[in-house]
Each structure stands twice: as structure tokens, then as C-alpha cells.
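Biologist: Could you take me through one part of this protein in detail? I would like a close look at the sheet and what packs on it.

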Amino acid sequence: SIDTKVVSKIMEILLFPKISEFAQQNSYKMVLCKEQNFYPDITFIDTHNNKYALDIKSTYRRNGDRVNGMTLGAFTGYFRDRKSRKNITFSYDEYVGHFVLGIIYTRTDEHLDERKVYHINELQTITSVVKDFTFFVQEKFKIAIDRPGSGNTKNIGSVVKINELINGLGPFAELGEKVFDDYWMYYLTKDMARAVDLKNAPYR
């Protein structure tokens, strides 16, 4: 399947042994999210009880230097109420760092028949749906942009240039995490603005 959710989940499963090995090498305790819609995917806890959030995100190349984009978690709920434990493993203010493990891939150009059934001796003939992987790790605020990830959703969007993702060159990178937090804690979509009798969203 070329469904991005299916591809993402399979890549998470394949990466898990390496992530677990990384945790063991660095004496981190690993805590996995309880539900699929919880933040983050993995919490690392070091020997001093510092907590680090790791979200695994994937996206596909649109052309040579751009990707489809990523969503970097909600900007409502636990992001605004930093003591909340709803849809988050630990409260947001318990984390000392928020990181993204990003996976960039190219989708196959070949035609796929997702209904075809393969026999065990035909495994080598199955077309791979993805190729050309690039991996990166960045702090969330460094790859975030100033608008939601898609439409009117309440998720933070990401930069789409591959160079900016890999090197953490989003608009908040120089401004810093405090500015990023302040911006998104008070951000309003058009619908949110209308709900409080504002003609338009106040800023972006």
C-alpha cells in the first residue's frame, strides 16, 4: 500500500529495535505512548529523571528539494495547558526537550495493484512502494512554521524544503523556543477566531 499512514507505521516498527538500542547505549528509560493519538511517540528518561519527547514523522518527496510536509503535534490541549495529562504521556512542562525523528522517502513510480495476492515463493517480485530514505533528527521548534500543517487543523505545520528540515532552518530556529511556544499557544485558526467574535485570525 502507498497509504502514508500504513507506510509510516511499518517504518516505525522497523526502526523500533534501533531506537531501543540507542536508549540502552545512553542509559535512557523508554516510555511508549498509551494510545495512537497520544504525544509523543516515545519518551526518553535519563538517569537524572529529565524527560525528552520524540515524535517519529515521515513524509514523501514532491520533487528534488521539497517534501509533502509534516504535522508536528497539536497547538491546543496539552500544548496550551502545560499541566494537562490528556492525550500526552507526561505533562508538556515535564519535558526538557521536544524532538522529531524525521523520515523522508520517495514513492515508487510503478503502478501498484493493492488487491493482488502473492504466494510465498513470489516475495521477491513484490514492488517496493518506497525508496531513497533520508533520516534526520531536529528539535520541533526548529522545523516548525507559522501556520497549521493542513487546512484548518489544529496541528503545527513544518517547513517543506528538505535542506531546512535536515538542518533545522525553520522561521523559529533563530527566534528560539520561547517565541515558538508563545506564538502557537495564542494562535487562532479562522474558525477559532470567529468563535470568539473576531473577524479574522489576529496574526500569522
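Modeller: Happy to; here is a walk from the whole chain to the sheet and then to the helix beside it. Please keep in mind that this is a predicted model. The protein has 204 residues, and 41% of them count as buried. It holds five helices and eight strands, which follow one another from the N terminus as α-β-β-β-β-β-β-α-β-β-α-α-α.

Now to the sheet. Five strands build an open sheet with mixed pairing, in the order 1-2-3-5-6. At its edges lie strand 1 (29-32) and strand 6 (130-139), each pairing on one side only. On average, neighbouring strands are turned by 25° against each other, direction ignored. Strand 6 pairs with strand 5 (residues 95-107) in the antiparallel sense, over eight bridges. Within that pairing, L101 has V137 of strand 6 as its bridge partner.

Helix 1 packs on this sheet and touches strand 1, strand 2 (42-45), strand 3 (51-60), strand 5 and strand 6. The direction of helix 1 makes about 130° with that of strand 5.

The helix also deserves a look at its surface. V6 sits in helix 1, which spans residues 4-25. Together with I10 and L14, V6 makes a nonpolar surface patch of about 280 Å². Why can V6 count towards a surface patch? Patch residues need over 30% relative accessible area, and V6 passes because its value is 37%, which makes V6 partly exposed.

Technical notes. Residues are numbered from 1 along each chain as its sequence is written. This is a predicted model: local features need pLDDT of at least 70, side-chain atom pairs count only at pLDDT 80 or more; totals for chains, interfaces and linings use all residues. Side-chain values use heavy atoms; hydrogens and water are left out. Patches are made of residues with over 30% relative accessible area and no salt bridge: like charges are joined within 9 Å, nonpolar side chains (Val, Leu, Ile, Met, Phe, Trp, Tyr) within 5 Å. Accessible areas come from the Shrake-Rupley method with a 1.4 Å probe; for residues, only the protein chains shown count as cover. A salt bridge is a side-chain nitrogen of Lys or Arg within 4 Å of a carboxyl oxygen of Asp or Glu. Helices (H or I, at least four residues) and strands (E, at least two) are DSSP runs, numbered from the N terminus. Buried means under 20% relative accessible area, exposed over 50%, partly exposed in between (1.4 Å probe, protein chains only). Two strands pair if DSSP finds at least two bridges between them. Axes are lines fitted to C-alpha atoms, for helices over the stretch in contact, and angles run from 0 to 180 degrees between N-to-C directions. Contact means heavy atoms within 4.5 Å.
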